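Subject: Structure for your review

Dear colleague,

Please find the structure below for your consideration. My findings follow it.

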Amino acid sequence: MLTDKLKKMVRRSTVTRRHVTLHTLVGNGGRARRQDLLQFATDHSEQVFVELLRKPLLMGLGVQAGEIDALDEHHTKVFQQNEVSGKKRPDDPLKDTILPLVNLLRGNNRPKGFFSLGRSNDNDLVLPDYTISGHHAQIHVQSNHYSIVDGGSTNGTFINERRLEPEEKAQLSEEDIIRFGRYHFVMRSPSRLYAILLNLNLEKPIEAFINQLGRADYAALRKYAMAHDEHIFTQLIRHPSLMGSGLFRGTTQTPDGTVGMSTGIFRAEQHQENIKPTELSLFKRMVYPFVKAEHATSPADCFNLGRSEENDFCLPDSTISGHHAVITVEEDQTTYRIEDQNSQNGTAINGMVLESGESKTLREGDKLRLGRFQFTFLYPSSLYAKLMGMG
């Protein structure tokens with residue numbers, strides 16, 4: 001007879017030889033088996049683990065304590081949260097619940113980028129609890145951005161304890177707390193799950209790379225990119241960045257009758273439209289991710305650019321106005337628009353100068369000129385390629 005130790009070795013050898021995919025780890029109702037994920041994380045690197053999951057997931061936090069009205073067992077029961085303590089139940093049936101947001105168990109007629117969630121078995125993500133409606137909510141995916149819509153549920157959908165209106169669409173971000181009925185979940189990245197499963201502290205927030213001027217530490221950022229796969233890097237930086245791409249040649253003249261910190265009048269060389277900016281390696285090290293600093297006073301959806309240190313992105317150069325331009329993030333969290341703020345030397349996109357007050361949508365790879373500086377608007381994957389010398 002085989003000893004217990006030998007049985008474990010044989011079992012582990014069998015699992016190692018088997019080609020593991022999410023299909024083998026996800027069961028009915030869209031749930032991934034925590035023990036299998038733990039075994040896979042134990043046997044593989046963070047990079048391999050992230051490549052397996054690739055997408056965010058919902059991880060169970062606990063069941064809210066409260067009162068449930070005794071209704072017909074075929075209907076959703078009205079749930080009243082315990083207002084005194086607001087604590088979750090000591091028994092934690094959700095602690096092993098992991099719901100990857102991946103398309104696996106759907107038919108050919110089901111739309112992509114859409115997940116239904118509820119008590120009914122025909123949902124993509126099934127939560128068998130009578131405080132959860134049959135078709136409780138939907139999660140939508142567009143360009144790697146996730147949003148959630150309550151489907152008119154009895155007990156509501158909450159994000160960070162704010163109840164959504166029926167049919168209201170709300171953006172989801174990592175570490176958002178989501179409640180369906182009495183069930184609490186948190187949205188997490190594969191890297192975060194890997195760290196939790198193995199009790200590791202692998203995460204380094206993007207804020208750790210950014211100084212008070214809004215500029216990222218290029219050397220540290222490149223080191224992180226060199227040490228990690230693109231999928232992991234794009235979980236660190238989830239939003240676009242401005243990356244320095246050149247300096248235009250010309251002369252700067254101080255306006256007549258001004259002294260001190262006035263913005264200089266920049267005059268580019270003749271036929272500037274036919275001349276590319278000078279590429280300087282030092283300038284290419286200027287990276288400004290669209291991440292709000294803790295001390296920021298501007299609205300969450302606005303990034304101010306200029307010479308003044310009050311700006312989100314401070315560009316300390318005499319050809320940059322104190323408050324040169326503003327970039328606004330639209331409600332969809334994917335569209336970025338820039339507007340010139342009546343700057344001395346103007347703002348241009350791909351050579352086209354903006355009128356004061358005119359706004360224009362920024363697209364991947366757009367060349368943005370502020371004063372004598374040129375930046376490139378890059379999404380995370382393109383920034384990764386640049387840092388790795390591939391772009």
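I begin with a loop residue: Asn342 sits in the loop that connects S22 to strand S23 (347-349). Although Asn342 is not a glycine, its phi is positive, at about 55°. Its relative accessible area is 59%, so Asn342 counts as exposed, the cut-off being over 50%.

A second asparagine invites the question of where it lies: in which loop is Asn350 placed? Asn350 belongs to the loop between S23 and strand S24 (352-353). Asn350 also is not a glycine and has a positive phi, here about 50°. With a relative accessible area of 45%, Asn350 is partly exposed.

Please bear in mind that this is a predicted model. The mean pLDDT of the protein is 81, and 81% of the residues reach at least 70. Among the elements, strand S22 (residues 336-340) has the highest mean pLDDT, 96, whereas helix H1 (residues 4-17) has the lowest, 41. Across residues 1-18 the pLDDT stays below 50, and this stretch makes four contacts in the model beyond near neighbours in sequence. Where pLDDT is low, the predicted coordinates should not be read in detail.

As to overall composition, the protein contains nine helices and 27 strands. It has 391 residues, of which 45% count as buried. Of the contacts between residues at least 6 apart in sequence, 55% join residues at least 24 apart. The exposed area of the protein is about 20800 Å², and carbon and sulfur atoms supply 48% of that area.

Two helix pairs deserve a description. Two packed helices are described by the angle between their axes and the distance between the axes.

The first pair to discuss is helix H3 (residues 34-43) with helix H4 (residues 46-53): their axes come within 8 Å and cross at roughly 140°. That angle makes H3 oblique to H4. The crossing of H3 and H4 is right-handed. On the H3 side, the contact is made by Leu37, Phe40 and Ala41, while H4 contributes Val48, Phe49, Leu52 and Leu53.

The other pair is helix H6 (residues 218-227) with helix H9 (residues 380-387). Here the axes come within 9 Å and cross at roughly 95°. H6 and H9 are therefore roughly perpendicular to each other, because angles of 65 to 115 degrees count as such. Which residues of H6 and H9 meet? Tyr218, Leu221, Arg222 and Ala225 of H6 meet Leu383, Tyr384 and Leu387 of H9.

Finally, I would draw your attention to Glu175. This residue is located in the loop between strand S12 (169-172) and strand S13 (177-180). Is Glu175 buried or partly exposed? Its relative accessible area is 34%, so Glu175 is partly exposed. Leaving aside residues up to four places away in sequence, Glu175 touches Val186, Met187, Arg188 and Arg192. Glu175 and Ser189 lie 14 residues apart in sequence, and their C-alpha atoms are 8.6 Å apart in space.

In summary, the loops offer two asparagines with positive phi, Asn342 and Asn350. The helix pairs described are H3 with H4, an oblique arrangement, and H6 with H9, a roughly perpendicular one.

With kind regards

How values were computed
Residues are numbered from 1 along each chain as its sequence is written. This is a predicted model: local features need pLDDT of at least 70, side-chain atom pairs count only at pLDDT 80 or more; totals for chains, interfaces and linings use all residues. Side-chain values use heavy atoms; hydrogens and water are left out. pLDDT is the predictor's confidence in each residue, from 0 to 100. Helices (H or I, at least four residues) and strands (E, at least two) are DSSP runs, numbered from the N terminus. Contact means heavy atoms within 4.5 Å. Buried means under 20% relative accessible area, exposed over 50%, partly exposed in between (1.4 Å probe, protein chains only). Accessible areas come from the Shrake-Rupley method with a 1.4 Å probe; for residues, only the protein chains shown count as cover. Axes are lines fitted to C-alpha atoms, for helices over the stretch in contact, and angles run from 0 to 180 degrees between N-to-C directions. Angles under 35 degrees count as roughly parallel, over 145 as roughly antiparallel, 65 to 115 as roughly perpendicular and the rest as oblique. A crossing is left-handed if the near helix is turned anticlockwise from the far one by less than a right angle, and right-handed if clockwise.
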